[in-house]
Amino acid sequence: MNDYKENIEYRKLESNESKKYRFLRLESLEKYPNSFGSKYVEQKQREKLTFENYIENSNSECFIVGAFDHDDLISFCGLHRLKDENCRHRGEIIQMYVQPIHQGKQIGFNLLKQTIAEAFKTGGI
């Protein structure tokens with residue numbers, strides 16, 4: 001496998017990028033319906049997806065890290081911090097997706113590493 005780093009930027013999505021996330025999230029649900037708990041038709045009908053709100057409000061405990069090829073969001077990975085007082089020191093990786101054309105290039109692996117690094121920036125994890 002190639003270590004595909006050229007022109008790929010890994011970072012948390014900014015508040016003005018929620019629509020890019022929505023587009024790619026719906027793509028993931030449509031292309032891989034058996035890989036996610038949410039259903040494409042139901043999510044498409046929603047005015048806002050849950051993580052769209054988190055992105056727009058710059059939520060530090062529930063966030064999406066994206067892989068960008070120039071300005072195009074090509075992959076995303078979400079982190080959801082557990083809310084229970086006894087579990088606040090933990091988070092869950094959710095909603096991992098890499099567009100098919102970019103799969104097999106270590107993008108998902110690098111994205112996962114960046115998401116974990118962002119999680120540890122959150123106090124208490």
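Trainee: Before we start, what does buried mean here?

Mentor: Buried means under 20% relative accessible area, while exposed means over 50% and partly exposed sits in between. Keep in mind that this is a predicted model.

Trainee: Got it. What share of the protein's residues count as buried?

Mentor: Of its 125 residues, 41% count as buried. As for the surface, the protein exposes about 7,300 Å², with carbon and sulfur atoms supplying 48% of that.

Trainee: And how many helices and strands are there?

Mentor: The protein has four helices and four strands. Going from the N terminus, the order is β-α-α-α-β-β-β-α.

Trainee: What about contacts between residues at least 6 apart in sequence, what percentage join residues at least 24 apart?

Mentor: That comes to 62% of them.

Trainee: Let's go inside. Which residues have the most contacts in the largest nonpolar core?

Mentor: Leu13, Tyr21, Ile64, Leu73 and Phe76 do, in a core of 15 residues. At least two residues each come from α1, α3 (50-56), β2 and β3. The largest share, four residues, is supplied by α1.

Trainee: Where's the other core, and which residues are in it?

Mentor: That one lies apart from the largest core and has 12 residues, including Ile8, Tyr10, Ala67 and Ile107.

Trainee: Back to Phe76, what does it touch?

Mentor: Leaving out residues up to four places away in sequence, Phe76 touches quite a list, among them Tyr21, Leu24, Ser28, Ile64, Tyr97 and Leu111.

Trainee: Ser28 caught my eye there. Which helix is Ser28 in?

Mentor: Ser28 sits in helix α1, residues 18-31. With the same sequence neighbours left out, Ser28 touches Phe36, Phe76 and Tyr97.

Trainee: Is Ser28 buried or exposed?

Mentor: Its relative accessible area is 0%, so Ser28 counts as buried, the cut-off being under 20%.

Trainee: Switching to the backbone, what is odd about the phi of His70?

Mentor: His70 has a positive phi, about 60°, even though it is not a glycine. You'll find His70 in the loop between β2 (62-69) and β3 (72-81).

Trainee: Why does His70 count as exposed?

Mentor: Because His70 has 58% relative accessibility, and exposed means over 50%.

Trainee: What about Gln106, what's its phi?

Mentor: Near 70°, which is a positive value in a residue other than glycine. Gln106 is in the loop between β4 (91-98) and α4 (107-121).

Trainee: And how accessible is Gln106?

Mentor: Gln106 has 24% relative accessibility, so it counts as partly exposed.

Definitions and conventions. Residues numbered from 1 in each chain as written. Predicted model: local features only at pLDDT ≥ 70, side-chain atom pairs only at ≥ 80, totals over all residues. Heavy atoms only, no water. Buried < 20%, exposed > 50% of the residue type's maximum accessible area, 1.4 Å probe, protein only. Contact = heavy atoms within 4.5 Å. Core = buried A, V, L, I, M, F, W, Y, C linked by side-chain atoms within 4.5 Å. Areas by Shrake-Rupley, 256 points an atom, 1.4 Å probe, with all protein chains shown as cover.
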